[in-house]
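User: Please take a close look at the surface that meets nucleic acid in this model, and set out in connected form what lines it. A formal account for the bench would suit me best.

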Amino acid sequence: MSSGSGSLMWFRKGLRIHDNPALEYASKGSNFLYPVFVIDPHYMKPDPEAFSPGSSKAGLNRIQFLLESLRDLDLNLKRLGSRLLVLKGEPSEVLIRCLKEWDVKNLCFEYDTEPYYQALDVKVKSYATTAGIEIYSPVSHTLFNPADIIRKNGGKPPLSYQSFLKLAGEPSWASSPLSIALSSLPPVGNIGNCNISEVPTVKELGYEETQQDELSPFRGGETEALKRLRESIENKEWVAKFEKPKGDPSAFLKPATTVLSPYLKFGCLSSRYFYICLKDLYKNVKTHTVPPVSLAGQLLWRDFFYTVAFGTPSFDQMRGNKICKQIPWNDDDELLVAWREARTGFPWIDAIMTQLRKWGWMHHLARHSVACFLTRGDLFVHWEKGRDVFERLLIDSDWAINNGNWLWLSCSSFFYQYNRIYSPISFGKKYDPNGDYIRHFLPVLKGMPKEYIYEPWTAPLSIQNKAKCIIGRDYPKPVVAHDSASKDCRRRMAEAYALNQKMSGMVSAEDLRNLRRKLEEDQEPQVENKRQRKLIG
DNA sequence: GACTTGTTGACGGT
DNA sequence: ACCGTCAACAAGTC
């Protein structure tokens with residue numbers, strides 16, 4: 001590194017001071033440091049056409065979470081004698097302009113495996129290289145470098161968690177201490193003619209205050225992340241006994257998991273620091289759970305999906321994705337919208353979708369429930385459509401993990417037992433027989449007795465009257481009958497799997513069209529979707 | 001044979 | 001009455 005000149009620290013994810021190798025490198029031996037975040041209008045500007053308040057890419061909750069994270073980062077930088085320089089525009093253009101304008105010898109940013117950043121990095125790196133600017137871009141978002149794991153596996157990503165674990169082993173950095181604290185940072189250099197602003201508020205971005213009736217209860221930022229982490233690992237017994245599939249998806253006053261995912265997504269919390277804290281705790285207890293169910297196992301799941309996503313072309317779509325089963329999903333926008341707008345008539349499903357819209361977060365198993373319902377369980381709608389809704393509305397939506405889980409739940413990849421279908425009625429009931437979760441997120445069903453709250457359409461009219469909730473007027477009738485719909489989904493999955501096997505995965509668009517036609521022809525009238533909707537709704 | 005977490009109903013223990 | 005455990009259901013890919 002050349003000294004006596006400036007470094008530019010480009011923040012994208014990794015919105016933190018602790019365990020931030022790029023920031024540490026940028027601050028060492030430089031007289032000046034330019035900590036930059038570029039607001040991409042594409043990601044932040046209000047889009048009135050979108051189906052929920054927010055931009056064309058992100059719902060308002062995640063935009064809010066990001067802004068809070070940036071404000072916190074700015075405060076933490078100020079404590080160290082620096083500040084965050086916020087710029088607006090297409091990120092690579094803005095950054096290249098900064099590099100031209102300022103006296104920068106080092107450009108530092110956290111390496112990112114997502115296609116969006118890969119494409120951005122190509123542009124920025126190519127300019128920096130020709131301008132003689134040194135680039136430092138370390139892997140610090142995940143526990144492992146996905147490229148290392150793929151190399152170890154002979155060029156292909158592992159497709160099961162266990163094989164991933166075997167390849168991964170212990171992370172190389174786990175034996176030496178991480179750099180957790182910085183004592184000071186070099187001052188910001190001359191910013192010349194660049195248009196620098198403070199971190200904007202949602203209002204300054206053009207959002208009306210009344211656009212959303214209930215905002216997420218989770219506040220963004222590194223400070224909040226570390227506080228949440230401390231609170232989670234304070235309870236050693238809880239951490240030691242943590243088993244993911246045993247959590248209660250209906251717990252909302254005190255969620256059954258840590259809710260650290262949004263902080264990991266934006267890098268407000270270092271997954272490596274989290275991992276070290278857990279290892280430390282495990283050393284000091286008699287027994288503890290192990291991957292895949294343990295809390296450390298959850299971090300490894302994250303790395304697993306990052307690795308597969310990085311090593312799989314067209315990971316985020318069905319067509320052209322080698323690990324994805326080709327399935328003739330239906331193109332029914334009416335069913336998709338009912339699901340998205342929490343109008344399926346299944347209170348468990350609609351409550352989860354309402355929590356998603358209001359909080360931008362729901363329990364892992366709740367996500368399973370609604371994802372299964374939309375795709376292979378009941379509605380047979382394309383997983384890409386559901387993925388888009390989650391990607392927009394979740395505050396923790398992460399490209400690799402979100403797509404990976406949709407592939408999983410739709411039985412398109414990783415998991416293939418399509419007979420195992422979550423019941424939209426009984427799955428929630430076993431955790432929350434009283435229906436408190438439903439009553440909270442769907443107040444219209446508040447008065448429905450617990451005997452009927454998971455299937456309100458079965459309540460006698462006198463009960464509906466007493467509950468002040470007439471099904472079909474105050475709350476919708478179910479969009480499908482679960483028994484027949486799930487049976488039909490199984491049939492379609494079996495046919496699709498048979499086709500994939502017959503063609504050894506090389507299913508063409510025409511093959512799929514033919515199968516879709518065949519499935520429609522074979523359909524018995526009483527389970528035919530459109531007619532059924534007319535009968536029921 | 002290994003693979004993250006379905007549903008229902010029976011059974012036995014508390 | 002409420003819990004955990006288990007088999008049956010019907011069965012997938014790598």
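Analyst: The surface near DNA strand B is made up of eight nonpolar, six polar and three charged residues. In this division Ala, Val, Leu, Ile, Met, Phe, Trp, Tyr, Cys and Pro count as nonpolar, Asp, Glu, Lys and Arg as charged, and the others, Gly among them, as polar. A residue is near a strand if one of its heavy atoms lies within 4 Å of it. The model is predicted: local features need pLDDT of at least 70 and side-chain atom pairs count only at pLDDT 80 or more, whereas totals for chains, interfaces and linings use all residues. Residues are numbered from 1 along each chain as its sequence is written, chains are lettered from A and ligands numbered from 1 in the order in which they are written, and side-chain values use heavy atoms, with hydrogens and water left out.

In total, 17 residues surround DNA strand B, and the closest are Pro 245, His 364, His 368, Ser 423 and Ser 426. Sugar or phosphate accounts for 51% of the strand B atoms within 4 Å of the protein, and bases for the rest. Individual atom pairs show both kinds of approach. A polar side-chain atom of Trp 301 lies 3.2 Å from a base nitrogen of DNA strand B. On the phosphate side, a polar side-chain atom of Ser 426 is 2.7 Å from a phosphate oxygen of this strand, while Tyr 161 places a backbone N or O atom 2.8 Å from a phosphate oxygen. The elements that give two or more residues to this surface are α7 (161–168), α15 (364–377) and α18 (426–429). Helices here are DSSP runs (H or I, at least four residues) and strands likewise (E, at least two), numbered from the N terminus.

DNA strand C has its own surroundings: Tyr 416, Gln 417, Tyr 418, Asn 419, Tyr 497 and Gln 501. These residues divide into three nonpolar, three polar and no charged. Of the strand C atoms within 4 Å of the protein, 71% belong to sugar or phosphate and the rest to bases.

The aromatic side chains merit a description of their own. Across the whole structure there are 40 aromatic pairs. One of them joins Phe 218 and Trp 361 edge-to-face, at 5.9 Å centre to centre and 75 degrees between the planes. Rings of Phe, Tyr and Trp (its six-membered ring) pair if their centres lie within 6.5 Å; planes under 30 degrees apart count as stacked, over 60 as edge-to-face and the rest as tilted. Phe 218 sits in the loop between α7 and α8 (222–234) and Trp 361 in the loop between α14 (347–359) and α15, so the pair ties together parts 143 residues apart in sequence. Phe 218 is buried at 7% relative accessible area, and Trp 361 is buried at 3%; buried means under 20% relative accessible area, exposed over 50%, and partly exposed in between (1.4 Å probe, protein chains only).

Trp 348 and Tyr 437 form a further pair, which is tilted because the ring centres are 5.5 Å apart and the planes lie at 55 degrees. Trp 348 belongs to helix α14 and Tyr 437 to helix α19 (residues 436–441), so this pair ties together parts 89 residues apart in sequence. Both Trp 348 and Tyr 437 are buried. Ring pairs link these four residues with Phe 252, Trp 359, Tyr 422, Phe 427, Tyr 431 and Phe 441 into a cluster.

Key. Polar contact = N/O pair within 3.5 Å; in protein donor to acceptor, adjacent residues only side chain to side chain.
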